[in-house]
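Student: I work at the bench and would like a close look at one part of this protein. Please start from a single contact and build outwards to the rest.

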Amino acid sequence: MGDLTDARWMTAACGLAERGRGRTARNPSVGCVIVAGGVVVGRGWTQPGGRPHAEAMALEQAGARAAGATAYVTLEPCAHESLRGPACADLLVAAGVARVVAALEDPDPRTAGRGFARLRSVGIALTTDVMASAARDVMAGFLSREARGRPHVTLKLATSLDGCIALAGGASRWITGAPARAHAHLERSRHEAILVGRGTLAADAPSLDVRLPGLEERAPRRIVLTSGEAPAGWTAIASPHDIAALDGVDHLLVEGGAAAAAAFLRADLVDRLLLYRAPIVIGGGLPPIADIGLGALGAAHGRWRLLDARALGSDRLEVYGRGPCSPA
């Protein structure tokens, strides 16, 4: 029963961490739940800009009730000194928690095991690797920055059943229905930046904002893939590899068009695919992806695995991640 209870509370902590996704870079979006006697006495998640940390927020809410409690955190409590606030490992020690359950060790070399060591040094019971896969999904951007030095990249495609994104003349509004479009706007709110190609910018002049009640202020930074100048309010990058230099961007959403999608796939920089499919047939329309330089059909297999599939009104969403044959 203990393992099931730990998984239950860590699931709640992961849900809290989701609230900060797209707003905390370059800090990870962490969730924390403090439980005493089977009751939540404190909860927190990393705030915009990276502070306060999740543990600090949860401990402030819990107050004296944190003594003897269990803290569930999605990432190892930080142990490095910062001018922005005390180390979370020290805060947990000072609060007198009896046990800490963590999903992942922090890959940041400033902490990387030191937080766990600090807790153990004062006799706090420690359990790790609980719901690690779920925590990795929530903190994909931070983990990508630490491991690969670049943002986590999602490619979004909205097509007809026959794989078209627009009529032959370019008309594309609307391929999908309102529920799918709302979901796409929610995805925008979870990314620090959104990218389109030069052709899409010139043809559509997209606003790329978030049009969901209560989330309007989460509109991501706008990036255009071009060798030329960017218009006011946009940032230009000349190559997909330039995303590594985008400061404060841990999650990048590539939203259009076919040339930009192909450029990121060709560079092997896509980590996640969002495929929205509408129950319509266009015939002779525009394709979603240009040539990616695939030399043999066999090389296309094994590169993607299905993570999720669901109905969104009359449309269907499929989410894919890197498969076992895809480079990390």
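Tutor: Let's start with one pair: the bridge partner of I34 in β3 is A71. Everything here comes from a predicted model, where local features need pLDDT of at least 70 and side-chain atom pairs count only at pLDDT 80 or more, while totals for chains, interfaces and linings use all residues. Residues are numbered from 1 along each chain as its sequence is written, and side-chain values use heavy atoms, leaving out hydrogens and water.

That bridge is part of a longer pairing: strand β1 (residues 31-36) runs antiparallel to β3, with four bridges. Strands and helices here are DSSP runs numbered from the N terminus (E over at least two residues for a strand, H or I over at least four for a helix), and two strands pair if DSSP finds at least two bridges between them. β3 also pairs with strand β4 (residues 99-104), this time in the parallel sense and over five bridges. One of the bridge partners here is L104 of β4, which is matched with L75. β3, residues 70-75, is mostly covered, with six of its six residues buried. Buried means under 20% relative accessible area, exposed means over 50%, and partly exposed lies in between, using a 1.4 Å probe and protein chains only.

Now widen the view around I34. Together with V100, I34 touches the most other members of the largest nonpolar core, which has 40 residues. Such a core is a set of buried Ala, Val, Leu, Ile, Met, Phe, Trp, Tyr and Cys residues joined through side-chain atoms within 4.5 Å. Two or more residues each come from α1 (2-20), β1, β2 (39-45), α2 (54-62), β3, β4, α4 (114-121) and α5 (132-138). The largest share, six residues, is given by α1. As a rule, nonpolar side chains in soluble globular proteins tend to be buried together.

Beyond four places in sequence, the contacts of I34 include V39, V40 and V41, along with A58, L59 and A62. Also among them are A69, T70 and its bridge partner A71. Contact means heavy atoms within 4.5 Å.

Helix α2 also holds E55, which the unreviewed UniProt entry lists under "active site". UniProt positions follow the numbering used here, feature names are shortened, and annotations may be inferred rather than shown by experiment. E55 counts as buried because its relative accessibility is 4%. Setting aside residues up to four places away, E55 touches C32, V73, L75, P77, C88 and L92. L75 is thus a link back to β4, through its bridge with L104.

There is a second, separate part of the chain to meet. The domain assignment gives domain 1 (1-141) and domain 2 (150-322), with bounds that come from an automatic or database assignment. Their centres, taken over C-alpha atoms, are 33 Å apart. Twelve residues of domain 1 and 14 residues of domain 2 form the contact. About 1100 Å² is buried between the domains, with carbon and sulfur atoms giving 39%; buried area is the accessible area (1.4 Å probe) that two parts lose on being put together, summed over both. On the domain 1 side, R21, R26 and G141 lose the most area, together 50% of what that side buries.

Helix α9 (residues 258-266) has A260, A261, A262, A263, F264 and L265 buried. These buried residues pack against β6, β7 (193-197), β8 (221-225), β10 (251-256) and β12 (304-312). After α9 comes D268, with a positive phi near 55°.

For "binding site", the unreviewed UniProt entry lists S172, R188, L208, R211 and E255. S172 sits in the loop between β6 (152-159) and α7 (178-189), and is partly exposed because its relative accessible area is 30%. R188 is in helix α7 and counts as buried because its relative accessibility is 8%. Among the contacts of R188 beyond four places in sequence are L208, R211 and E255, three residues that share its "binding site" listing. H185 also lies in α7 and is buried at 9% relative accessibility. Beyond four places in sequence, H185 is in contact with D209, V210, R211 and L212, and R211 is in contact with R188 as well.
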